[in-house]
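Biologist: I'm new to this one. Can you show it to me and walk me through the side-chain contacts?

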Amino acid sequence: MTTTAATPSAPVTPVTAGEPTEERPPGRTRVALRRFAANPNAVVGAGVLLLLFLLAFAGPHLTRWSHTDIDYGALRQAPSAAHWWGTNRIGQDVYAQVLHGLQKSLLIGLLVALFATVLASVVGACAGYFGGWTDRIVTFCIDLLLVFPAFLIIAIVSPRLRDTGWLAFVGLLAVFGWMITARVVRSMTRSLKERDFVRAAQLMGVHPLRIVFRHILPNVSSFLIVDATIAVGGAVMSETGLSYFGFGVQPPDVSLGTLIADGSGAALTYPWMFFFAAGLLVVFVLAVNFLGDGLRDALDPTSAQHRRRRRRRKGGRA
Amino acid sequence: MTGPYAEARAEAGVETEAPVLALRDLRVDFTGPDGPLPAVRGVDLALRRGEVLGLVGESGSGKSTVALAAMGLLPRTARVGGSVRVGGDEVLGAGERELAALRGRRMAMVFQDPLSALTPVHRVGDQIAEAVRIHQDVGREHARRRAVELLDLVGIPDPGHRARAYPHEFSGGMRQRAMIAMAVANDPDVILADEPTTALDVTVQAQILDVLRTAQRETGAALLLVSHDLGVIAGMADRVAVMYAGRVVESAPAPELFAAPRMPYTLGLLGAVPRPGARVLTPVPGTPPELRLLPRGCPFAPRCPLADDACRAAEPEPVGGEGHSVACVKANEVVARGLTAPELFPADVPAAVREEVPRDGLPAVLRVEGLAKTFPVLKGAALRRRGGSVYAVDGVDLDIRRGETLGLVGESGSGKSTTLLEILRLASPEAGEVELLGHDVRGLTKRQARELRGSVQIVFQDPMASLDPRMTVGDIVAEPLRAQGADRGTAARRVPELLRLVGLEAAHAARFPHEFSGGQRQRIGIARALSVEPELLVLDEPVSALDVSVQAGVLNLLRRLKDELGLAYLFVSHDLSVIRHVADRVSVMYLGRTVESGPVEEVFARPRHPYTRALLSAVPVPDPVVERGRERVLLAGDPPSPVVRAEGCGFRGRCPLYATGLAPEGRSRCERERPSGAVACHFPQS
Ligand SMILES: Nc1ncnc2c1ncn2[C@@H]1O[C@H](COP(=O)(O)OP(=O)(O)OP(=O)(O)O)[C@@H](O)[C@H]1O
Ligand code: SF4
Ligand code: SF4
Ligand SMILES: [Mg+2]
């Protein structure tokens, strides 16, 4: 098994092994990066996501319409040379609007998922690892936040934060979105803490926080990544819901969520008002899922090997 | 290819009596997500009445699968071919109803883990009575009486009372006894026992093997004993079959197989087991093949020093018939040249010489005196309060000098691991003294503690669990260095050198633990421990998760490292043969305290504490002649619970000397006074 196991690094290994200056063996970050680059899912996901960002931030400069401009001469017009993706009910350019909405949704979705996951993992892992009072306080806070009606609180708080803009809104969504994940991380940590490799690190005198970051979190990373990809979709959805009730993203500002909500009634009669926004949202969520899948495989040394073996056997048979 | 075996067979005068269990060309494939896995590839075995057949082999060689197939207990994912006949009835392909009639009445099985085989919600006696009633037309009352009789047969004290207990109220050894009682309830023709003592302590193992022997003798049944422990097999089996990669590669009468093995694998296996007198172990290089990717020809060829093209051309068929059959094309050559294990598998270390160095002159690496540690027993579900204490460690003394190996032995629950953790914690112990490299751990500042951490390192039992699966081997090995404050570059540069030191390659640093075999993982664990150049290495059962042929390699490595680096070892093991092989001094623990310690040779030759005597006599030796000839001190009962701290001697309940060999005054002394001193007994034997 040792001769064939490390296939992705196989083209590299013999070279480094043969060199007299085999100074530094690659650490896990480099190995993970290499595996990430070798994973088609991940590369496709990352590529599509990059394209979406490019589209969202460079795309608006290609048209002379901005998302607030109103073309009174073109109400509910189908895509044309003047309005590439058509116009809406009051003559706004759908292309400009959707791209602007995409900007908002990309940022909100990714940032909320990122903040919530980071918060959840650090808090959950620390609570689980240190136990005692840290654990009791954290558990209490989690329970408290869980019984708070998040929607209500956001509804009350967000008008006051209007001036600080959408970033404050991202913070609010994240603050109410980490608790369940943190609980799962906490219980996973408690079982990891009993494992010998954690005990080994403790006995070597590794600093507790270092243990949390180097041993605990990498070992819950598969869960965290899956959870974060779901959280991206969830964040976009809660933003839509909140915006619908008048909080969150407010006109004239738009997000994919508000556009979809506005256009859904006209989905069959004026499809361009709905499908461009909906289509981009689907592409966005799919790209995140692909990226998450790839990331998980890259970080989990056991996952890809399985697939590789199978492939090798198939190749051998053919 | 009949050769010399044909005569041997004629001479042996194989009985014509029909076998009670006959396997013919048994083949088992497990279907899985990765395609079929050939676990058993053509096994022929025959068992006659009253015969004990030992089936040995390393993990994954298919021993259990053979036993399960014989019982018709394989899961649905298994495709079975060939034939299994019990008496005259075919097991393979039989319907559930016919199988149910066969099981219990004609054949019975004893598993490794008796808890999973007993129903937790029914009383033990009722379960045995139930087993009786399924096959025999007797009344409820009669069946119950029979159950009590059976429990008595397997040596459960006060059987009438204990029959009313539930399985969880029994200790591991008692459950195994109950399982044996259930197995013999219907007078079966064949008993299949799959590692019946692997989960048990040596002293309990000795009892259970004794019970199994009695049960087999009483019923006249044939016994198929599956085990990886060559010592157990040597003591029990009339014939031995050795399995490798799903095949029986050698089978012969036990004395012959142990005295004159003919297949290189058997030779290697026997040479790898530590035994008294053998100062070098012969590790078999490599690891057992992956069954999915078996090479053409002899499956042992990649590891075999005699392998040549003839071996790789086709898989050798077993020849030699019922006497001594071997599946090896070079068997004749092995016999003719009189090859031995050390010649075939040259060890990578020279034979150990125990030079007598005056100990007193050597600096002490670790000194422990009167160490104690208790854990609270919590009571109550809602409000947890301390309801008592577990006296996990209760008076341990250790003394290790530079370059010395101290073996720490004791049964499970005797407090070995707790002792280690207490020492490695580097904090004030609850009671007693711990002195590490001349520093008393009580007065340590944070800085000093940190520096000391670098001089003591630990190697864990389970090599998979102790390596972070998400870290590369390079990062794992460098971690203690980083914890000691070395920067990333310096730490990483040490890695290739360390890996080579333990017999791995520098290029392995970029891989992850799961890509290695058990033995290699343990080497990674050792490399990690060595990275900070410790003076004391604490080894917590470092080889008990490994197969013997691999274990030998790791033990040899430890020996070499000790010689090269002048390390001291604190070597914890429940396996006394391993301790005897590696240790200079030995310390025996019972119920949280040291009962005897001294130089290995002396303690093994003249044990003074009654417990040590019993322990030593319970250890199976892989030599049928020795094993059958020696006298045993069987201990009664199980180790008592460490929750009650009885007055007087803790060993009293099981002490054979106390039970029969003492005058009343002596007995009352054992009851009143806790023994102390080098041998924790008021009446040490000399
Ligand atoms: N239910 C199952 N499904 C798939 N594969 C199995 C199953 N049971 C056993 N195997 C595989 O069959 C092979 C032989 O296993 P088996 O349990 O018979 O070995 P063994 O000699 O008893 O080993 P051990 O000493 O570890 O008990 C192994 O590769 C094992 O992984
Ligand atoms: S057949 Fe050849 S490879 Fe196999 S055990 Fe015999 S000598 Fe070794
Ligand atoms: S002190 Fe008494 S009971 Fe204890 S081991 Fe010695 S003889 Fe046995
Ligand atoms: Mg088994």
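Modeller: We'll go through charges, a ligand and then aromatic rings. Keep in mind that this is a predicted model.

Biologist: Charges, then. How many salt bridges are there over all chains?

Modeller: A search of the whole structure gives 40. One of them joins D189(B) and R106(B), at 3.2 Å from N to O.

Biologist: Where do D189(B) and R106(B) sit in the chain?

Modeller: In distant parts of chain B, 83 residues apart. D189(B) is in the loop between α8 (172-184) and β7 (190-194). R106(B) is in the loop between α3 (96-102) and β6 (107-110).

Biologist: And why is R106(B) called partly exposed?

Modeller: Because its relative accessible area is 22%. Buried would need under 20%.

Biologist: Got another bridge? What about R447(B) and E451(B), how far is N from O?

Modeller: That salt bridge spans 3.5 Å. R447(B) and E451(B) share helix α17 of chain B, which covers residues 446-455. They are 4 residues apart, about one turn of the helix.

Biologist: Is R447(B) buried or exposed?

Modeller: R447(B) has a relative accessible area of 62%, so it is exposed. The cut-off for exposed is over 50%.

Biologist: What does R669(B) pair with?

Modeller: R669(B) forms a salt bridge with E673(B), again 3.5 Å from N to O. R669(B) is partly exposed, because its relative accessibility is 31%. E673(B) is partly exposed too, at 37%.

Biologist: Which residues are linked in a network of salt bridges?

Modeller: R41(B), R247(B), E315(B) and E317(B) are linked that way.

Biologist: New topic. Which residues come nearest to ligand 2?

Modeller: C298(B), C304(B), C311(B), C328(B) and K330(B), out of 13 residues around the ligand.

Biologist: How does that shell divide into nonpolar, polar and charged?

Modeller: The shell around ligand 2 has 12 nonpolar residues, no polar ones and 1 charged.

Biologist: On to rings. How many aromatic pairs does the structure hold?

Modeller: It holds 9 over all chains. One of them is Y590(B) with Y611(B), whose ring centres are 4.5 Å apart.

Biologist: Why is that pair called tilted?

Modeller: Because the planes of Y590(B) and Y611(B) meet at 55 degrees. Edge-to-face would need over 60 degrees, and stacked under 30.

Biologist: Where are these two tyrosines, Y590(B) and Y611(B)?

Modeller: Y590(B) is in strand β20 (residues 585-590) of chain B, and Y611(B) is in helix α24 (residues 610-618). The pair links distant parts of the chain, 21 residues apart. Y590(B) and Y611(B) are both buried.

Biologist: What does Y590(B) form with F651(B)?

Modeller: An edge-to-face aromatic pair. The centres of Y590(B) and F651(B) are 5.0 Å apart, with 80 degrees between the planes. F651(B) lies in the loop between α25 (624-629) and α26 (656-660) of chain B, so its pairing with Y590(B) ties together parts that are 61 residues apart in sequence.

Biologist: Is F651(B) buried or exposed?

Modeller: F651(B) counts as buried, because its relative accessibility is 2%. Y590(B) counts as buried at 4%.

Biologist: Which residues form one aromatic cluster?

Modeller: Y244(B), Y265(B) and F300(B) do.

Biologist: And chain A? Which residue lies over the face of W133(A)?

Modeller: R136(A) does, at 4.6 Å from the ring centre. K193(A) lies over the face of Y129(A), at 5.7 Å from the ring centre.

Note on methods. Residues are numbered from 1 along each chain as its sequence is written. Chains are lettered from A and ligands numbered from 1 in the order in which they are written. This is a predicted model: local features need pLDDT of at least 70, side-chain atom pairs count only at pLDDT 80 or more; totals for chains, interfaces and linings use all residues. Side-chain values use heavy atoms; hydrogens and water are left out. A salt bridge is a side-chain nitrogen of Lys or Arg within 4 Å of a carboxyl oxygen of Asp or Glu. Buried means under 20% relative accessible area, exposed over 50%, partly exposed in between (1.4 Å probe, protein chains only). A residue is near a molecule or strand if one of its heavy atoms lies within 4 Å of it. Ala, Val, Leu, Ile, Met, Phe, Trp, Tyr, Cys and Pro count as nonpolar, Asp, Glu, Lys and Arg as charged, and the others, Gly among them, as polar. Rings of Phe, Tyr and Trp (its six-membered ring) pair if their centres lie within 6.5 Å; planes under 30 degrees apart count as stacked, over 60 as edge-to-face and the rest as tilted. A charge sits over a ring if NZ of Lys or CZ of Arg is within 6 Å of the ring centre and within 35 degrees of the ring normal.
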